[in-house]
Amino acid sequence: MIVLVSGLAAGALFAATALAYNVMFSTSKVLSVTTGHIAMLGGVFGAYVITGLGLSPWLGLLAAILVGGLFGYLTDVIAIRRVVSRSDEHLWLLSTLALATIVQQGVGLWWGTEPRPFPRLIPQDFSAGLADQKYWLPIIATGLLAIGLELFYRRTLYGKLFVAMSEDTFAARARGIETDRIRALSYVIAGVIGAVAGFAAGQLTFAFFALGLTLTLNGFIALAVGGLGSNVGALVGGAALGLLNAFSANAIGGEYQNTVSVGLLMAVLLLKPEGLFGARNVRPV
Amino acid sequence: MGFRTRSWLAALALVASMPAWAQSTIKIGWLSSLTGPLSSAAIAENKGVEFAVEEINAAGGVLGHKLELVTRDTAGDPTKAVSFAQQLVFSEKVHFVIGPVNSGETLATVPIVARAGIPNLIIGTIDELVDAKKYPRAFRAINTNRQWIEAANKYAIEVLKKNKVAIIGDTSGYGTSSAKTATELLAKAGIKPVFSTLVDPNKTDLTDEMNKARAAGADVIMPWSAATGLLGRLINARGDMGWNVPIVGHPSVMAPAIRKLINKPQYWENTFAAGPVSTTFRADGKLPERTQALVDKLRPRLGGGEIDYLFWWVALGYDTVKIVEHMVKTAGGTDPAAIQKAFETTRELKGAYATYSWTPEDRNGFPDLDITVNVANTLKDGSFKAAPR
């Protein structure tokens, strides 16, 4: 049972990272390397505000949201806007990698390179076992984020603009949509999603500067397995990856865990390249 | 030609005839991962290295020559370490190389420094880093990984009288190799671990592994990993389960970072790790004299208060420069062949970290006698209490 619960908790974090990928991808067609680093910032700044400054968990969450949103916005301004507007090549891979590296090193210099504790958010004894908040907080947070995102897409004008841009950016622009502003907004929202997830999972991951790249990779695997562009796919892909990691470590040992993760990605790419819930790309001829 | 002119010419001729090194500094290349994921040890070692250089220079240098420290931050990255090692030996033309700090980096740099024929002080612990034939001028100052493991195994088996061992390593090269060595050494003592596993250093929860160890009947947990996050989770899993099984293993279970990661202070009890005698308080509550002398000298530079990190790293850094000083004095200069000879004939060189001896066959300078086992939660002023025997 512990394998199932801890696998789902880790999977929830991967799923939230995949959701953040999706939001940014919908408006820019970019898979930003900074996606995992957003969650890292949520955890680190949450821990800093609560433990370092002695403020309440709510203020810690607020700080994480603000930092995540700001980082999302800066990702668009620094690494996406000019690169995407001036080149059709995938140079955003380099620009987002550079920004991710700068942020990781910067946090390492300021926060330190050893993992640091993330505070208890709700009073609860550590002997709670499977009911421990470190497992269910990330699961609940990711569920709420997914529901919120779905409502945003379906019920708000901005959400509909996201959908319009994801289908055809040029057509959206031709109809007078300020695509640059919408894209910037999508990066802010992705920043908030990632930071909330990183904050909720802080007790599992600790506040650790090097968490970003691991999440960037695992979030991408979850996204590719679930299907690029599908939020349901992101949730299913994240949960599947988390569970597979946990059960493979349990059954055959941790040395094969990464092989199994990447093996899952390869298997899905070979059998169903669009992912479990992804839309098949049909090119009209 | 007047007397004054002749005097000038004579002086010029004298200067020109002096060997090149006599006019220059003794250059020490210091490959240190001052930033990056493995920086804690390097930052502490750097304090010792810098202090020793300043102290020796303030006393007039070595054989009248000042030491010049050429530091390069490898950020814990083997590719950077290789690039800086090449720069140090070929461009900077250093006389000695100290480091790098981490075994993974050292595996990459040691052949380069060896090819250049420059003496290399090794401060990584894995066995493969020294070899009298392949790398004749690489000499290790730190203990070996095997010495840590032997000390921990001996304590678990002979003192705690435990023989149902669970080995938990991490999936890094270092963790895998350490867990393998630990298993081999236990086999020599006739013990087969009841449970053995490797865990991803970033795995978010070790409850499953600890449950399995308990189900297998383990009466001691022996973790072989330098990843403090993983070790913190392991100690937390044991505490949350309410399982008071002893943990005996890698020195990182004593790291100050662990104190912050554990859920409750009492979770850290019944935890032991291999550590140097030099930073172990004796029964009278005092440190060995040489360690205390260095603590007293360095304390003002370290803020004047309680030292809240592992002092053995500082002592090791300090000793590496003092070893360089000793070798230059013994060799009468910086000729690499003479330095090699000086190392090979050095016996019982007393340092703050250890008492070193090297031979033509053995490049490991740290003696078995200088390793002991500490109680993890007793860190005070950078040192620990000895584990009860």
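**Exercise 1. Contacts of one residue**

Leaving aside its neighbours within four places in sequence, which residues is B:M222 in contact with?

Solution. This structure is a predicted model. Step 1: set aside the residues within four places of B:M222 in sequence. Step 2: list what remains, namely B:A152, B:A156, B:V165, B:A166, B:I167, B:A182, B:V248 and B:G249. Step 3: place B:M222 in its wider setting. Together with A:L19, A:I193 and B:A152, B:M222 has the most contacts inside the largest nonpolar core, which has 209 residues. Step 4: ask where this core draws its residues. α1(A) gives the largest share, 15 residues. At least three residues come from each of domain 1 and domain 2 of chain B.

**Exercise 2. The fold of chain A**

Describe the secondary structure and overall dimensions of chain A, and decide how its radius of gyration compares with the globule rule.

Solution. Step 1: count the elements. Chain A has twelve helices and zero strands. Read from the N terminus, every element in the order is therefore an α, as in α-α-α-α-α-α-α-α-α-α-α-α. Step 2: compare the radius of gyration with the rule. The value for chain A is 18 Å, and the globule rule gives 19 Å for 285 residues; the two are close, so chain A is as compact as a globular protein of that length. Step 3: add the dimensions. The C-alpha trace spans about 60 × 45 × 35 Å along its principal axes. Step 4: look at burial and contacts. Of the 285 residues, 54% count as buried. Among contacts between residues at least 6 apart in sequence, 77% join residues at least 24 apart.

**Exercise 3. The fold of chain B**

Carry out the corresponding description for chain B, and say which stretch has pLDDT below 50.

Solution. Step 1: count the elements. Chain B comes to twelve helices and 15 strands. Step 2: apply the rule. The radius of gyration is 23 Å, close to the 21 Å from the globule rule for 389 residues, so chain B is as compact as a globular protein of that length. Step 3: give the box. The C-alpha atoms of chain B fill roughly 95 × 40 × 35 Å, taken along the principal axes. Step 4: for burial, 53% of the 389 residues count as buried. Of the contacts in chain B between residues at least 6 apart in sequence, 70% join residues at least 24 apart. Step 5: check confidence. The mean pLDDT of chain B is 91, with 94% of its residues at 70 or more. The pLDDT is below 50 over residues 14-19 of chain B, and this stretch has one contact in the model beyond near neighbours in sequence. Where pLDDT is low, the predicted coordinates should not be read in detail.

**Exercise 4. Two domains in chain B**

Name the domains of chain B and describe the contact between them.

Solution. Step 1: give the bounds. Domain 1 covers 25-144 + 302-369, and domain 2 covers 146-279 + 373-385. Step 2: their C-alpha centres lie 29 Å apart. Step 3: count the residues in the contact, 19 from domain 1 and 15 from domain 2. Step 4: identify elements on the domain 1 side. α4 (103-115) and α11 of chain B each supply at least two residues. The largest share, three residues, comes from α11(B). Step 5: sort the domain 1 side by class, which gives eleven nonpolar, four polar and four charged residues.

**Exercise 5. A loop residue**

Is B:Y309 buried, partly exposed or exposed?

Solution. Step 1: locate B:Y309, in the loop between α10 (289-298) and α11 (311-331) of chain B. Step 2: B:Y309 has 18 other C-beta atoms within 10 Å. A buried residue needs 20 or more, and an exposed one has 12 or fewer. B:Y309 is therefore partly exposed. Step 3: leaving aside neighbours within four places in sequence, B:Y309 is in contact with B:A44, B:P256 and B:G382. Step 4: compare sequence and space. B:Y309 and B:D381 are 72 residues apart in sequence, with 7.6 Å from C-alpha to C-alpha.

**Exercise 6. Where the chains meet**

How many residues of each chain are in contact with the other?

Solution. Step 1: 25 residues of chain A are in contact with 28 residues of chain B. Step 2: on the chain A side, α1 (2-28), α4 (92-111), α9 (202-205) and α11 (231-252) give two or more residues. α1(A) gives the most, with four residues. Step 3: by class, this side has twelve nonpolar, ten polar and three charged residues. Step 4: note the scores of the model, ipTM 0.83 and pTM 0.85.

How values were computed:
Residues are numbered from 1 along each chain as its sequence is written. Chains are lettered from A and ligands numbered from 1 in the order in which they are written. This is a predicted model: local features need pLDDT of at least 70, side-chain atom pairs count only at pLDDT 80 or more; totals for chains, interfaces and linings use all residues. Two residues are in contact if their C-beta atoms, placed from the backbone, lie within 7 Å. Ala, Val, Leu, Ile, Met, Phe, Trp, Tyr, Cys and Pro count as nonpolar, Asp, Glu, Lys and Arg as charged, and the others, Gly among them, as polar. pLDDT is the predictor's confidence in each residue, from 0 to 100. A nonpolar core is a set of buried Ala, Val, Leu, Ile, Met, Phe, Trp, Tyr and Cys residues joined through C-beta atoms within 7 Å. Domain bounds come from an automatic or database domain assignment. The radius of gyration is taken over C-alpha atoms; the globule rule is 2.2 Å times the number of residues to the power 0.38.
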